[in-house]
Each structure stands twice: as C-alpha cells, then as structure tokens.
Amino acid sequence: MGNTWKKRTKMVHAGTRRSQYGEVSEAIFLTQGFVYDSAEAAEARFIEAGEDEFIYARYGNPTVRMFEDRISALEGSEDAFATASGMAAVNVALMALLKAGDHVVASRALFGSCEYILGTVLTRFGVEVSFVDGTDLGAWRAALRPDTAVVFLESISNPTLEVIDLAAVCEMAHGVGARVIVDNAFATPLYSYALECGADLVVYSTTKHVDGQGRCLGGVVLGARDLIRGTIEPYAKHTGGALSPFNAWVMLKSLETLDLRVRAQTATATALAEALAGHEKLARMLYPHHPSHPQHALARAQMEAGGTVLAIDLKGGKDAAFRFLNALEIFTISNNFADAKSIVTHPATTTHQRLPDDQKALLGITPGLVRISLGLEDGDDLIGDVLQALDAA
Ligand SMILES: *Cc1c(COP(=O)(O)O)cnc(C)c1O
C-alpha cells in the first residue's frame, strides 16, 4: 500500500483484503470461526497467528481487520483494535493500562459514560481518580503525581467545545511516566493531530463521524503496535467487546466517504458560526475555529478544521431554547451527533440532566445551551432554518 498516498486515497484502498473471488467491494466475513488445513496448521496458528490468519472473531476477523487497518492509515497510527462501541473502546483502553493502586488524572468535562467508568467503576477497584479543569494547565500540573499511570481527556469537550492543549498535557504527563488516552470524538479522525501532539492512545466512538449515517455502534483504540497488540488486544479479546463483522463492514465502507461528508458538514458549521456570531438572541456561540472562540489559536494549532458541531447559548434560557428546538423544521431533536441528518440537543435536560446544578454551572451547561450537529442537507437550508427558529424563540 502506497505510504505516500494522501488520506483520501488511503480511505478508499487501505487495508483491503481480497478473497479468492477478487471482489471489488470488500467482503463481509460473517463468520465466528476459521478452518485449518491440518492439525499441524491449527497448532501453528495457536502458537503464532500470521498477519492474515484468524482464530476466532472475538480475537479478530478479516472484515474487522480491514477496518482497523484503514482507520489506522487515516489516523497515522501503527495499529488499531476495533470494539463494539465507543464506550467499549474507552473501557478497554483504561482497563488494559490500569491496576489497583494507580492514579488517574482526567479532565472534568467528560461524556457521561466515561465519567461513570472513571468516577464509579475504577474507584471500586482501587484506582484513584482526580478530575481537573482541562483547560487549566496549572491544574494538570498540580494533579499529576509520580504514581499517575494514565491521563484521560476529551480533546474537544462536549457540549461546550472547550479545547485542551494536547501537546502541553502530554508533555507533563510523560514527565511523570503516565500514558495519555485521548477520547477524540469531536476532533474527528479526519482533522485530529492527537498522535502528533503526543497522545499514546486515541479512542473514537466510530458511531459518530465514521458511520456518520446513524446506523451502527462501533469504536476503536489506535496507537503504537506494541501497545495495541501487546497490551490492548490481550485485554480486549478476552473480555468480549469485539466489533461485529457486519458493523465493521459498514464502518469500512463509510471511511470511503468520510472526507467528503465531514468536510461538507464542516463547511456548513463554519458558515453557520459566521451567521450566528454576535446574534442578538445569543449570549454565546461556540465553534472552535471561529475567531470568537476563547481558544481559537489553540484549536487551529491542533485541529485541521473546526468540526461539524457548534453550540449556542440563548439569552432567554430554557424557555427560549425549547421554543428554538420546537420551531426548527429540518433539524431533528436527538442526543447523537455527526449524523447525515442535522441534530439539535438540549444538554441540560437530556444528556447532562442528572448532573447536579453546581456541576452543570461548572461545565458551562446553562439552561439556554443548545448543541447543533450539522448534517449533509443543503447548508443554506440549514442556516435559514436556524435563523427562522431563533426569530421564533
Ligand atoms: C459518543 C461518545 C462516546 C461513546 O460512544 P458509543 O459509541 O456511544 O459507545 C464516548 N466518548 C465521546 C466523546 C462520545 O461522544
């Protein structure tokens, strides 16, 4: 495979494994097991399986392997292990690296299920977790200790789109010997420079931009080969969070169009940010690559583009936010993002509902905050829809 190929070429060709039939479109190997030519061949494969040799689909499968190789080529990582969902990927990454007595530092603004694993599950097994304000480098420095084994963060936080300085946090973490896991959903595998910034493992919910059409759950952990095959794979393959070959096939084929889709969605997000900046009904408009974003320069330095999601904060609070949501004609009200269909979410009453009010305030999840995920509809239609709904609010 051409190592000099650009990403768009790799997204169509990387990882392809053809069967003896020479199919053009990648095959779905919907099989749990694999047949050996002889008893000796079975024995040899259990001693060491070669690159194209599989044993059991929980360990690996040709369609899943194609997906792992293709997304590795996009991320620029040596290897990857695919999982049944984004949360399976987060769980695998943390559990494979940690043991009782270890210390973890994590940014406070986390996806709810990540917060549950860190704050509830790991503590039960004797792992100590410190949460910090991810944008405050002094807080990271103060929290890191000689026994810190893992640093966990979302490169762009949900739903307020704060940016964490990856290079600075990775350098500090490596200074105490900790490994850095970056949950990178909002940065997208297309725009991210997380590995270049020093991340040891990058995790995606491929449910988001990679599928991008609201169908399958999936996840992946990416990083150096010895870490993926030596540390992540043994834990992952024995604990059962394997990606199904069918879902891997959907994700594999989706990578062929990822660049086109995400760039189109980003163009609309950028145009919408422009149209909404300074709007009289808004207290805040948050989009990482818009000049009004408080960490605009940092966002530009560690992300090729601003992504497909923006957030607005309506001055009229919850009532105005609800009037806005209900007045939208094209956008659907849901809690996912990065879909071909444009989606709006009111975090305070849905995804972040169970957080106590003081936590919501700390994370900037105000009653007027609405997260807007731009889909593949016509950009002018979407911007028109948002503007008329703001009038109605
Ligand atoms: C969606 C999401 C997850 C979980 O992914 P699933 O595929 O739903 O399990 C984890 N982290 C972030 C940042 C997410 O956006």
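Here are four short exercises, with worked solutions, on a predicted model.

**Exercise 1. The crossing of two helices**

Work out how α4 and α9 are oriented to each other, and which residues bring them into contact.

*Solution.* Start by finding the helices: α4 covers residues 86–97 and α9 covers residues 225–239. Next, take the geometry: their axes are 9 Å apart, and the packing angle is about 105 degrees. Angles of 65 to 115 degrees count as roughly perpendicular, and α4 and α9 are therefore roughly perpendicular to each other. Now look at the contact itself. From α4 come Asn91, Val92, Ala93, Met95, Ala96 and Leu97, and they meet Leu227, Thr231, Ile232, Tyr235 and Ala236 of α9. Finally, sort these residues by class: nine are nonpolar, two are polar and none is charged.

**Exercise 2. The largest pocket**

Find the residues closest to the centre of the largest pocket, then describe its lining.

*Solution.* First, the volume: the largest pocket has about 830 Å³. Its lining has 35 residues, and Glu51, Arg65, Asp79, Arg229 and Glu233 are the closest to the centre. Then ask which elements contribute. Helices α1 (7–13), α2 (39–47), α3 (62–75) and α9 each supply at least two lining residues. The largest share, six residues, is from α3. As a last step, divide the lining by class, which gives 14 charged, eleven nonpolar and ten polar residues.

**Exercise 3. Placing the second largest pocket**

Explain where the second largest pocket lies with respect to domain 1 and domain 2.

*Solution.* Begin with the pocket, whose space is about 450 Å³. Among its 23 lining residues, Phe111, Ser205, Lys208, Asn336 and Phe337 lie nearest the centre. Two or more lining residues come from each of α4, α5 (112–124) and β6 (201–205), and α4 has the largest share, with three. Now bring in the domains: domain 1 spans 7–254 and domain 2 spans 258–392, and both give residues to the lining, so the pocket lies between them. By class, this lining has eleven polar, eight nonpolar and four charged residues.

**Exercise 4. Enclosed space**

How many cavities of 30 Å³ or more does the structure hold, and what lines the largest cavity?

*Solution.* There are three such cavities. The largest cavity has a volume of about 50 Å³. Around this cavity are Ala57, Arg58, Tyr59, Gly60, Asn61, Val64, Glu68, Phe81, Ala82, Ala242 and Leu243. Helix α3 and strand β1 (79–83) each provide at least two of the lining residues. To finish, count by class: seven are nonpolar, two polar and two charged.

Terms used. Residues are numbered from 1 along each chain as its sequence is written. This is a predicted model: local features need pLDDT of at least 70, side-chain atom pairs count only at pLDDT 80 or more; totals for chains, interfaces and linings use all residues. Side-chain values use heavy atoms; hydrogens and water are left out. Axes are lines fitted to C-alpha atoms, for helices over the stretch in contact, and angles run from 0 to 180 degrees between N-to-C directions. Helices (H or I, at least four residues) and strands (E, at least two) are DSSP runs, numbered from the N terminus. Angles under 35 degrees count as roughly parallel, over 145 as roughly antiparallel, 65 to 115 as roughly perpendicular and the rest as oblique. Contact means heavy atoms within 4.5 Å. Ala, Val, Leu, Ile, Met, Phe, Trp, Tyr, Cys and Pro count as nonpolar, Asp, Glu, Lys and Arg as charged, and the others, Gly among them, as polar. On a 1 Å grid over the protein atoms alone, a cavity is a set of points where a 1.4 Å probe fits but cannot get out, and a pocket is an open set with protein on both sides within 12 Å along at least five of seven lines; lining residues have an atom within 4 Å of a point. Grid points are joined across faces, edges and corners, and a volume is the space filled by probe spheres set on the points. Domain bounds come from an automatic or database domain assignment.
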